[in-house]
Amino acid sequence: MTLLAIKNLSKRFSSGGRRVAAVDDVSLTLEPGETLGLVGASGSGKSTLARILMRLLPADAGSIRFEDEDWLALSGADLRRRRARMQMVFQDVLGAFNPRATVASVLDDPLRIHAIVPKAERPKEIAALLDRVGLPASYADRSIREVSGGQRQRIAIARAIATKPSLIVLDEAVSALDVSIRGKILELLVELQEERGISYLFVSHDLAVLRAVSHRIAVMDAGRLTETGPMRQVIENPQSPAAMALIHAVPRLVTEPTEGPYRDV
Amino acid sequence: MRLVRHLVRTPEGAIGLAILAALVLVALFAPVLSPGDPLRIAGRALLPPFADPAFPLGTDRLGRDVLAGILHGTRTSLAVGLAAALAAIAIGLCVGLTAGFAGGLVDEGLMRVVDAFQIVPSFLLALAFVSVIGASVPVVVLAIALGAWADPARLTRAQVLSIRERDYVASARVIGMHPAEIALREILPNALPPVLALSAIIVAAAILTEAALSFLGLGDPNVVTWGSMIAEGRNILRSSPSLSIFPGIALVVTVVGVYLFSEGLTKALAGRRLEP
Ligand SMILES: Nc1ncnc2c1ncn2[C@@H]1O[C@H](COP(=O)(O)OP(=O)(O)OP(=O)(O)O)[C@@H](O)[C@H]1O
Ligand SMILES: [Mg+2]
């Protein structure tokens, strides 16, 4: 059963008289437990697509089916309840948290809103979530400003898995991190996927990152999807000019062994 | 509190806080420091200052104690200034939050009203309001607030509009938080600090406006105010300048104190934001 099916999705922005087709007739699908890497140059519309999918932006045209429901038809309390199934991790490790939040409150919100566990068990669940992403339970009392960027992204991942979603959208989720930390976070994401069968829509402009985690890759250029295919095929034998340009921008990508460092695809 | 520690670490904040604390104490204990009605005739008329220990700052044309007037005037100035600023901030917050959250036509409409109030000089507005309705403390407070709420409204709206676009608000929507909770818990607390920093300046302006209204005879005639004392002394400015000078000094000290406090507050808020 297909988890997510996006059909003919379009979104235009008009800013200062100039009209931009940020997302132009995009269709794609995602299977349970699968990672789709979405790659494209800056301004190609990746974030816009992710934000429409997360219902943070309205679409102009097109449809989205998610878990056999018309995802764009949901609204109000229905939508809020169903949001538990689709979560997101943001790029900006600082901006994605209320500056007044504590680690505990960041993780408590989803547990409370979706009544994941009874109130009395929430501290235990928060400790379990922290443990699952590799942080000590004692971090719960810290202010979100008192933890490092990599740790913050672990907390963001813990928040995303708190509601037991079937899909997590990651918009440049490791781009702001150090290369050494980046590998550890990718490893964690892959582990979580194998353990819980979560699907990822992994947005990045960095093919090296996507090669490490993706089963399939979709290439975006100026709002359009120019190419979709199995990861190895797209990287070794790109068909569209946009894909070729992206691959040539990373010189060692093709000569390196094609197995990702964390998994055989 | 962390903010207070930051505040007293800046020289402006420390001096401003000290002046304001002294003024508040004077205002609270005015009936103890100088018992009785400050408007009553207490002694010989036009006693010069520093002559009679019973009247350190002398008496006015009717024989009223100048020191008593200044001590009790502190109450009026601070009370009217604070009440007017509080009312202005409250109105401004409500309008700014509504405009920022509602958007669309509501936002357009409210902002045109804000424009209108910003174009009319606030003192003229207060003047007109008091002349029409009549002078009493609540009317004066309302009149001053009416001319001062537009700035906090505009600032609050701008804050809401900018914070609404932050990732952490998107993140709150993504986990399914109710819009009302997003407004109250995610946006409002982060939108408030600059508006609060602005409130000190509004207090200073309100104190000056109140003094100006009293000076023109549009203050509440039943309470003593610095403005009305200055106006009283103006007629005999050549022979007894001290009658206008002492309340004038009180006014200047108060306004400078409030300004220093607001400067310190702004710096403290900025410093706190810079902290890791
Ligand atoms: N709110 C907006 N108003 C107007 N134009 C917008 C808005 N958001 C995005 N755009 C435009 O839409 C296009 C796609 O932007 P988007 O952020 O989706 O690109 P992206 O692929 O995520 O780029 P990046 O890799 O830099 O994050 C760009 O041309 C951008 O200028
Ligand atoms: Mg982007």
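Two strands pair if DSSP finds at least two bridges between them. Keep that rule in mind for the first stops. The model on your screen is predicted.

**Stop 1: strands 6, 7 and 8 of chain A**

Select strand 6 and strand 7 of chain A. They run parallel, and 4 bridges join them. Find M86(A), then look across to strand 7 of chain A. The residue opposite M86(A) is L167(A).

Now add strand 8 of chain A, residues 199-204. Strand 7 and strand 8 of chain A pair in the parallel sense too, over 5 bridges. To see the match, pick I168(A). Y200(A) in strand 8 of chain A stands opposite I168(A).

Stay on strand 7 of chain A, residues 167-171. Is this strand mostly covered or not? Covered: 5 of its 5 residues are buried. Check both faces. On one side sit L167(A), V169(A) and D171(A). On the other sit I168(A) and L170(A). Each of these two faces is covered.

**Stop 2: the antiparallel sheet of chain A**

Next, select strands 1, 2, 4 and 5 of chain A. These 4 strands form an open sheet, in the order 2-1-4-5, with antiparallel pairing. Which strands are at the edges? They are strand 2 (18-30) and strand 5 (69-70) of chain A, and each pairs on one side only.

Zoom in on strand 1 of chain A, residues 4-15. Strand 1 is joined to strand 2 of chain A by 9 bridges, and the two run antiparallel. Pick L4(A). Opposite L4(A), in strand 2 of chain A, stands L30(A).

**Stop 3: a serine in a loop**

Go to S44(A). This serine lies in the loop between strand 3 (35-40) and helix 1 of chain A. Is S44(A) buried or exposed? S44(A) counts as buried because its relative accessible area is 2%, and the cut-off for buried is under 20%.

Show the side chain of S44(A). It reaches the backbone oxygen of A41(A) at 2.6 Å. Then look for partners beyond four places in sequence. S44(A) is in contact with A22(A), M220(A), D221(A), A222(A) and G223(A).

**Stop 4: where chain A meets chain B**

Show both chains and select the contact. Chain A gives 24 residues to it and chain B gives 21 residues. The size of an interface is often given as the accessible area lost when the parts come together. Here the area buried between chain A and chain B is about 2000 Å². Carbon and sulfur atoms give 48% of that area.

Highlight R80(A), R100(A) and R145(A). Together they supply 26% of the area that chain A buries against chain B, more than any other three residues.

How many salt bridges does the rule find across this interface? It finds 2. To see a salt bridge, select R112(A) and E181(B). Their closest N and O atoms are 2.8 Å apart. There are also 12 residue pairs in polar contact across the interface, both residues being at pLDDT 80 or more.

Now colour the side of chain A that touches chain B by element. Strand 6 (86-89) and helix 3 (103-113) of chain A each supply at least two residues. The largest share, 4 residues, comes from helix 3 of chain A. Then colour this side by residue type. You get 10 nonpolar, 4 polar and 10 charged residues.

**Stop 5: helix 8 of chain B**

Move to helix 8 of chain B, residues 167-174. Most of this helix is covered, with 7 of its 8 residues buried. The buried ones are D167(B), Y168(B), V169(B), A170(B), S171(B), A172(B) and V174(B).

What covers them? The cover includes parts of both chains. From chain A, select helix 1 (46-53), strand 6 and helix 5 (149-162). From chain B, select helix 7 (150-164) and helix 9 (179-215). Then step past the end of helix 8 of chain B to G176(B). The phi of G176(B) is positive, near 85°.

**Stop 6: chain B as a whole**

Zoom out to show chain B. Its secondary structure comes to 11 helices and 0 strands. The C-alpha trace of chain B spans about 75 × 45 × 30 Å along its principal axes. Chain B has 276 residues, and 49% of them count as buried.

Last, turn on the contacts in chain B with a separation of 6 or more. Residues 24 or more positions apart account for 70% of these contacts.

Key:
Residues are numbered from 1 along each chain as its sequence is written. Chains are lettered from A and ligands numbered from 1 in the order in which they are written. Side-chain values use heavy atoms; hydrogens and water are left out. Contact means heavy atoms within 4.5 Å. Buried area is the accessible area (1.4 Å probe) that two parts lose on being put together, summed over both. A salt bridge is a side-chain nitrogen of Lys or Arg within 4 Å of a carboxyl oxygen of Asp or Glu. A polar contact is a pair of N or O atoms within 3.5 Å; within protein, one must be able to donate a hydrogen and the other to accept it, and residues adjacent in sequence count only if both atoms are side-chain atoms. Ala, Val, Leu, Ile, Met, Phe, Trp, Tyr, Cys and Pro count as nonpolar, Asp, Glu, Lys and Arg as charged, and the others, Gly among them, as polar. Buried means under 20% relative accessible area, exposed over 50%, partly exposed in between (1.4 Å probe, protein chains only).
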